[in-house]
Amino acid sequence: MAPRTKSQQQPTPHAADSHDLIRVHGARENNLKDVSIELPKRRLTVFTGVSGSGKSSLVFSTIAAESQRLINETYSAFVQGFMPSQARPDVDVLDGLTTAIIVDQQRMGSDPRSTVGTATDANAMLRILFSRLGRPHIGPPGAFAFNVPSVTASGAITVERGNKKTEKATFSRTGGMCPRCEGRGTVSDIDLTQLYDDSKSIAEGAFTIPGWKSDSWWTVRIYAESGFLDPNKPIAKFTEREMRDFLYKEPTKVKVEGSTLTFEGLIPKIQKSFLSKDREAMQPHIRDFVDRAVTFATCPECEGTRLTEGARSSKIKKISIADACAMEIRDLAEWVRGLDEPSVAPLLEALQQTLDSFVEIGLGYLALDRPSGTLSGGEAQRVKMIRHLGSSLTDVTYVFDEPTIGLHPHDIQRMNDLLLRLRDKGNTVLVVEHKPEAIAIADHIVDLGPGAGTAGGTVCFEGTLDGLRGSGTVTGRHLDDRAVLKEEVRKPTGVLEIRGATSHNLRDVDVDIPLGVLTVITGVAGSGKSSLVHGSIPAGENVISVDQSPIKGSRRSNPATYTGLLEPIRKAFAKANGVKPALFSANSEGACPTCNGAGVIFTDLGVMAAVSSPCEDCEGKRFQPAVLDYHFGGRDISEVLAMSVTEAETFFGSGDAALPAAHKILTRLVDVGLGYLSLGQPLTTLSGGERQRLKLATHMADKGGVYVLDEPTTGLHLADVEQLLGLLDRLVDSGKSVIVIEHHQAVMAHADWIIDLGPGAGHDGGKIVFEGTPADLVAARSTLTGEHLAEYVGE
């Protein structure tokens, strides 16, 4: 055969190879101002900018949302009926999209029955494994599931087939759910001594529940005249029936002075009134009452394993499924690797791959029985990454929301390697990020801003890292910021003693946390920081803990309602106009009757995306037109709620609208870096970092002497970290003690005292590896934290 000769001419590029850009034109979602941008495919693009500049609006609410919507449209209308419907983002053109896989910061379900194992399918595989190999054999996989109760039934059933025929049938299903705790692992109990004084009668004021006075409607009228009990008899002398009705009576209609009212037992009443509400949103005295009255204990029957005795008795090589789920995942991976059973080889291979992914991503210290609601935002995000690590898919768009949250500087490099590996497989990786170490690996950088909220929403820079440094944008100017070590640190005014701490992986830790100073608790992820602080510092009236747990609230909740700011504003409007304060609430009498105060009308179109359109009657202002005729300081209530926090602080600070009670709350919101939020912005639109800072602002009014903060730099831009450090300084200088769990080197460098845990994670951690000043830590370089901090401050 003659050798094949190559043409000297360059081949014409194939048409399919020309689609190498994601094009966005005219994006106006949330605060975006007609943004047009082209993003390279199969590259790693990092989106930066101050909090609230529009990063998430562009990446999640526009690009990722449209990709998912288009994928959903490929399914039949029947299937779409079971999927969440999505409206098309407010954008003119979106071109070149690929399948988007979103890995966000949303906390995993906090249902007590949701664990790391159930959330990642590892438990499902373990259940099949034990149902095949476990001895004694107790049943199918459901027999090992703590979410499946055992069921037995018998009776007559009618089969409608040809001639109707009644048959007798029995049915049974073996489940693994512990019947005592119903698969929760803990049993809750209400301490009755915290609800009433049983030596007194109801008429004498026996209740010790906040707000339940002896002359109130509930305690006298309904209890006294219900006929179920004697209000003049001491509670301790109630008969068995009176006590049962008093504590557990189902809601029952009763006649009281001609009115029909509902009588309900004390326990269900307390559960509805207090326990179903967000603890963080409660007033401090209510929160203290709930903490005193409700106790949680490990279930005595299943010993916290959530499983029945049968499920715990079936074992493989002397290990039960409860033992397997309680192991650290890296140890469980080794145990699974040692199983040689050809009959279940494909199952063992899939399980091994999942467990190895946990270890590879730095979560080998977790256990499968860890409740998913207890994971930090960063841990939850990495757990969601696991199913994608071994995927053979290419040309997919992976979208990450600050994947370095909750990561020690030592762990950030590992996360960077994972992101680069996803890219190198031929995928497009879009990352919203603030950390310089993560920005440094980007192929392409998009900086949004220049400010937050209405001052943001435009693209300030596109290009490389070197280009960003010289761009003059807020991010560019602060990219190489480095906090310096203090020349002098504050002297402690006392110590908080922790002795013999053994919570989770802590190993009998003794430590004195200095008071009156800024103390930073640090260490690699899983080293025991949260266990030490949240599990060992005694909770009391003097300790105020601000963690990253999500704020419960509907789209009707906003910063004004959550912080209590709306209360003085409503009263000021009412006083100035001689009307009731309730008129100035969109959830009460002042609400627009057409949209019920929501501001928008939702139209459900079945399988199609639900359409939300501004209410035509109130034009989205949420209030009745008559309410908007009332003014305070020249503004109506809807105009006040549309203000940013910074604007409102000026408005209520002086002049005709001076309102000290409102101004105080607004000043605290500005102090924590939330000046760009609008007062009426729904809480459901806030990021995890914004919610934590909102909680911090509300707690700054509390009278506690010790503040415990869990990674307050979460979601903060480099430029805002300096403002946070100033706030922490002001708290300490006002006489407070501040204890911060933190990985950010700027906060470590600024600390008066550092407590470093480690040396590793899980059973390799749980020890104090360093105590002292930041300068001593840098000088010693004896720990991973010391090495990274020394590198950060340039010593």
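## Exercises on a predicted model

In strand 25, Ser737, Ile739 and Ile741 point one way, Val738 and Val740 point the other way, and all are buried. The model is a predicted one. The exercises start from this strand.

**Exercise 1.** Determine how many residues of strand 25 are buried.

*Solution.*
- Take the cut-off: buried means under 20% relative accessible area.
- Apply it to residues 737-741, which make up strand 25.
- The count is 5 of 5, and the strand is mostly covered.
- Now look at the directions. In a regular strand the side chains alternate between the two faces of the sheet.
- Here Ser737, Ile739 and Ile741 take one side, and Val738 and Val740 take the other.

**Exercise 2.** Find which strands pair with strand 25, and in which sense.

*Solution.*
- Strands of a sheet pair through backbone hydrogen bonds, either parallel or antiparallel.
- Start with strand 20, residues 518-523. Its pairing with strand 25 is parallel and has 4 bridges.
- One register point: Leu518 has Val738 of strand 25 as its bridge partner.
- Go on to strand 24, residues 706-710. It runs parallel to strand 25, and 5 bridges join the two.
- A register point here: Asp710 is bridged to Ile741 of strand 25.

**Exercise 3.** Give the handedness of the β-α-β unit that ends in strand 25.

*Solution.*
- Trace the path: strand 24, then helix 25 (residues 718-733), then strand 25.
- Point the strands away from the viewer; a clockwise path over the helix is right-handed.
- The unit is right-handed.

**Exercise 4.** Describe the sheet with strand order 2-1-4 and the helix that packs on it.

*Solution.*
- The sheet is open, has 3 strands and pairs in the antiparallel sense.
- Strand 2 (35-40) and strand 4 (93-95) are the edges; each has a single partner strand, so one side of each lacks a neighbour in the sheet.
- From one strand to the next, the twist averages 5°.
- Strand 1 (residues 21-27) and strand 2 are antiparallel, joined by 5 bridges.
- Within that pair, Ala27 stands opposite Val35.
- Helix 1 (residues 55-72) packs on this sheet and touches strand 1, strand 2 and strand 4.
- The direction of helix 1 makes about 115° with that of strand 1.

**Exercise 5.** Assess how compact the protein chain is.

*Solution.*
- Count the elements: 28 helices and 27 strands.
- Compare radii. The radius of gyration is 30 Å, close to the 28 Å that the globule rule gives for 795 residues, so the chain is as compact as a globular protein of that length.
- Check the extent: the C-alpha trace spans about 110 × 80 × 70 Å along its principal axes.
- Check burial: 51% of the 795 residues are buried.

Terms used:
Residues are numbered from 1 along each chain as its sequence is written. Side-chain values use heavy atoms; hydrogens and water are left out. Buried means under 20% relative accessible area, exposed over 50%, partly exposed in between (1.4 Å probe, protein chains only). Two strands pair if DSSP finds at least two bridges between them. The radius of gyration is taken over C-alpha atoms; the globule rule is 2.2 Å times the number of residues to the power 0.38. Axes are lines fitted to C-alpha atoms, for helices over the stretch in contact, and angles run from 0 to 180 degrees between N-to-C directions. Contact means heavy atoms within 4.5 Å.
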